[in-house]
Each structure stands twice: as C-alpha cells, then as structure tokens.
Amino acid sequence: MTHQRSLHKFSTSELNNGQHIPIAGFGTYLISVEKAATLVYDALDAGYRHIDTAIAYKNQREVAQGVARFLQDHPNVQRKDIWFTTKIANENQGYENTQKAVQQISDDTKEFIDYVDLILIHSPKTSTKERLGTYKALQEYVLEPNNGVLSVKSIGVSNYGIAHLEELFHWEGFKVKPVINQLELHPWLPRVGLREYLDKHEILAEAYSPLTRGRRLDDPELLELSQRYNLSPAEILLKWSYLQGFIVLVKTESPKRAKDNLDLLPDSKGSDGGDGMLGLNSEILKVLDKPESKVVLTWGGIDPTLYKDE
C-alpha cells in the first residue's frame with residue numbers, strides 16, 4: 001500500500017492567522033555573503049517560493065537582494081508569491097534588544113523587499129525574561145503594521161519545547177499566537193509528543209535538517225530501502241517529511257541538488273488536472289517509524305527543546 005498526499009511544488013499550508021506558507025523552503029544557514037544572493041536567485045529560479053535566513057547567518061541582506069533580483073527579472077512573480085523568514089538570535093533577545101534587531105532586519109532588507117513574512121525567535125536558550133521580552137516586541141510589530149520600522153506579517157518560534165510554549169501561553173501579555181515552531185525533524189528525531197501539542201494549538205511544525213545534515217544518509221536500513229525501491233536516501237527522507245505534514249526546509253550550495261530536492265514534488269497539475277500525488281509505500285514508512293528515537297544531530301547533540309533556565 002502506498003501512502004499519499006495531494007500536493008505539488010507550489011503547495012502552501014494555511015497558518016493559524018490565515019496566511020499561507022509554501023511547504024518547500026530553501027535555507028541559507030552557513031551560506032556566505034558572497035554566494036547568498038546568487039544561490040537564492042537560483043533557488044527561486046528552480047521553483048522555490050520560501051526563503052529562510054536569520055540574523056545569526058549574517059547574510060539576510062544578500063538573501064533579500066537575491067529575492068529582489070529574481071522579482072525584477074520575473075515580472076510574472078510578485079512579492080506576495082515569495083515567503084521570507086528571518087530570526088532573532090539569542091544575543092538579540094529581550095525587549096529593547098529585539099527592537100534594535102528588528103531595526104537591523106529593516107536596515108538589511110528594506111532596499112530590496114518591503115516587508116518580512118515571518119520572524120522567529122531562534123531558540124529558547126536565554127531566560128524567561130528575555131524570551132517574553134522578545135515576544136512582546138515582536139507582537140507589537142504584527143499588531144501595528146504601520147509602525148514605521150518594519151512590516152511583519154507573522155511571528156513564531158524555533159527550537160521551542162512544550163515548557164517554553166506553555167510559558168508563552170500563560171504569560172499575561174500573550175496576544176499573538178506563534179504560527180510556526182521550526183525544529184530539527186527527521187525519522188530519528190520525530191518528536192511525536194511535541195508535534196501532537198503543536199497540532200492541538202494549531203501551530204505548524206517546520207523541519208530543518210530533514211536530510212540529517214548528511215549524517216544518516218548511509219544508514220543501513222535507509223540504504224536497503226533506497227536500493228530496493230530505486231529511490232535515493234534524500235528522496236526517501238524528504239518524502240517522509242512532506243507526508244508528515246511538515247513545512248520542509250532544505251539547504252544546499254549546489255543549484256542542481258536544490259533543484260533535484262524540489263523536483264521530487266509533483267508538478268502543479270496531475271494527469272486529471274488536479275494536484276499531483278506524492279507517496280511512499282507502507283514498508284518504507286514502517287521502517288522509518290521510530291516514535292521513541294531521540295537522536296539530535298544539531299546543537300552539539302543537546303536538544304534545545306529541553307532547555308531549562310540556569
């Protein structure tokens with residue numbers, strides 16, 4: 001039996017605020033300023049419509065520049081068709097620091113794009129005061145779109161566990177629900193309990209490092225499935241992520257690999273004129289079903305969702 005999901009390269013998921021985010025994202029972590037604009041342009045040219053950067057990546061200006069160049073060369077594509085995410089670094093957390101960070105985002109991007117779709121808190125690894133101060137500032141930009149600094153459509157979090165979200169939800173100043181929790185997610189770190197919590201609160205899970213940063217591509221079980229079904233390990237892992245319902249964030253400096261990663265999604269129309277179908281058979285899904293696995297391959301192997309204030 002094949003498990004399928006109806007989607008295509010330009011599919012979007014609806015967020016809890018009514019915005020729609022493209023399910024296939026292109027990440028820019030560790031991409032140098034010299035390469036960022038060109039690689040973003042190439043990713044958009046390949047068909048990506050969701051670009052992810054961060055203050056900590058030190059390339060958000062060049063990433064925005066790549067978006068602007070693509071829009072200039074492709075008048076049939078509008079700014080609203082491209083999703084732009086950035087993040088507030090740990091050292092920028094706290095109410096006043098976050099205001100300065102948003103001003104920095106504005107300074108880096110306003111020459112190229114007129115708004116930011118999503119700002120995330122990069123991680124919870126600060127303190128209650130700093131986390132809530134950051135969220136307070138971000139809420140204000142969403143609630144006051146004509147704030148004179150930066151138009152921000154949505155806000156969310158990254159690497160938050162249930163305890164961090166509970167802290168936010170029980171804060172007396174809480175007004176704007178996070179739309180996304182961006183997390184390390186793959187078969188060896190499925191985070192079943194956290195995902196159930198996110199579903200309950202209508203927060204989408206976005207998967208970073210869905211290809212395990214290459215560290216599980218030679219897994220014996222995965223290689224056996226790859227050979228048996230004539231699918232690459234990367235194709236299996238990405239299809240697994242899409243079938244979970246994740247927003248999927250891939251990162252590569254190879255334009256060909258970026259295109260290949262996107263091309264595993266069906267084209268916008270199937271043979272019947274409807275959406276194409278993406279699927280994996282039940283044996284593959286059974287082998288990759290590891291609900292108790294907790295293998296963290298980022299953050300030095302220490303799970304940030306379990307962070308407790310010192």
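**Close-up views of a predicted model**

**View 1. W299, in the segment after α10.** W299 is partly exposed, with a relative accessible area of 32%. That value earns the label because partly exposed covers the range between under 20%, called buried, and over 50%, called exposed. Keep in mind, here and in the views that follow, that this is a predicted model. Along the chain, W299 belongs to the segment that comes after α10 (282–287). Which residues does W299 touch once its neighbours within four places in sequence are set aside? They are S123, K125, N159, Y208 and P304. For a sense of scale, try finding I21 as well: W299 and I21 are 278 residues apart in sequence, and their C-alpha atoms are 26 Å apart in space.

**View 2. The largest pocket, with Y208 close to its centre.** Y208, which we just met as a contact of W299, turns up again here. The largest pocket has a volume of about 720 Å³. It is lined by 30 residues, and those closest to its centre are Y29, Y208, S209, R213 and K251. Two elements give two or more residues to this lining, namely β11 (247–250) and α9 (255–263). What is the make-up of the lining by class? The residues of the lining divide into 12 nonpolar, 12 polar and 6 charged.

**View 3. The second largest pocket, lined in part by α5 and α6.** About 430 Å³ of space lies in this pocket. Of its 19 lining residues, R191, K294, D303, T305 and L306 are the closest to the centre. Helices α5 and α6 (192–200) each supply at least two residues of the lining. Sorted by class, the lining holds 9 nonpolar, 5 polar and 5 charged residues.

**View 4. The largest cavity, lined by residues of α4 and α5.** A search of the whole structure finds 1 cavity of 30 Å³ or more, and the volume of the largest cavity is about 30 Å³. Its lining is made up of I121, R131, L132, Y135, Y160, H164, E167 and L168. The elements that give two or more residues to this lining are α4 (128–143) and α5 (162–169). How many of the lining residues are nonpolar, polar and charged? There are 5 nonpolar, 1 polar and 2 charged residues. Y135 is one to remember for the next view, where this cavity-lining residue is part of an aromatic cluster.

**View 5. Aromatic rings: a cluster and a tilted pair.** A search of the whole structure finds 7 aromatic pairs. One of these brings together F26 and Y48, whose ring centres are 5.7 Å apart and whose planes meet at 55 degrees, so the pair is tilted. The pair links distant parts of the chain, 22 residues apart: F26 is in strand β4 (residues 24–27), while Y48 is in the loop between α1 (33–46) and β5 (50–52). Are these two residues buried or exposed? Both F26 and Y48 are buried. Elsewhere in the view, Y135, F169, F174 and Y197 form one aromatic cluster.

**View 6. Q60, a buried residue of helix α2.** Q60 is part of helix α2, which covers residues 60–73. Its relative accessible area is 3%, so Q60 is buried. Look for the side chain of T86, which is joined to the side chain of Q60 by a polar contact of 2.8 Å. Beyond residues up to four places away in sequence, Q60 touches T53, A54, I55, F84, T86, Q104, I105, D108 and T109. T86 therefore appears twice in this view, as a residue that touches Q60 and as its partner in the side-chain polar contact.

**View 7. K58 and E202, two loop residues with positive phi.** K58 is in the loop between β5 and α2. Its phi is near 60 degrees, a positive value in a residue other than glycine. With a relative accessible area of 67%, K58 is exposed. Now turn to E202, in the loop between α6 and β10 (204–208). Phi of E202 is also near 60 degrees, again a positive value in a residue other than glycine. Is E202 buried or exposed? E202 is exposed, with a relative accessible area of 53%.

How values were computed. Residues numbered from 1 in each chain as written. Predicted model: local features only at pLDDT ≥ 70, side-chain atom pairs only at ≥ 80, totals over all residues. Heavy atoms only, no water. 1 Å grid on protein atoms, 1.4 Å probe; cavity = no way out; pocket = protein on both sides within 12 Å on 5 of 7 lines; lining within 4 Å. Points joined across faces, edges and corners; volume = space filled by probe spheres on them. Helix = DSSP H or I, 4+ residues; strand = E, 2+ residues; numbered from the N terminus. Nonpolar A, V, L, I, M, F, W, Y, C, P; charged D, E, K, R; others polar. Buried < 20%, exposed > 50% of the residue type's maximum accessible area, 1.4 Å probe, protein only. Polar contact = N/O pair within 3.5 Å; in protein donor to acceptor, adjacent residues only side chain to side chain. Contact = heavy atoms within 4.5 Å. Phe/Tyr/Trp six-rings, centres within 6.5 Å; stacked < 30°, edge-to-face > 60°.
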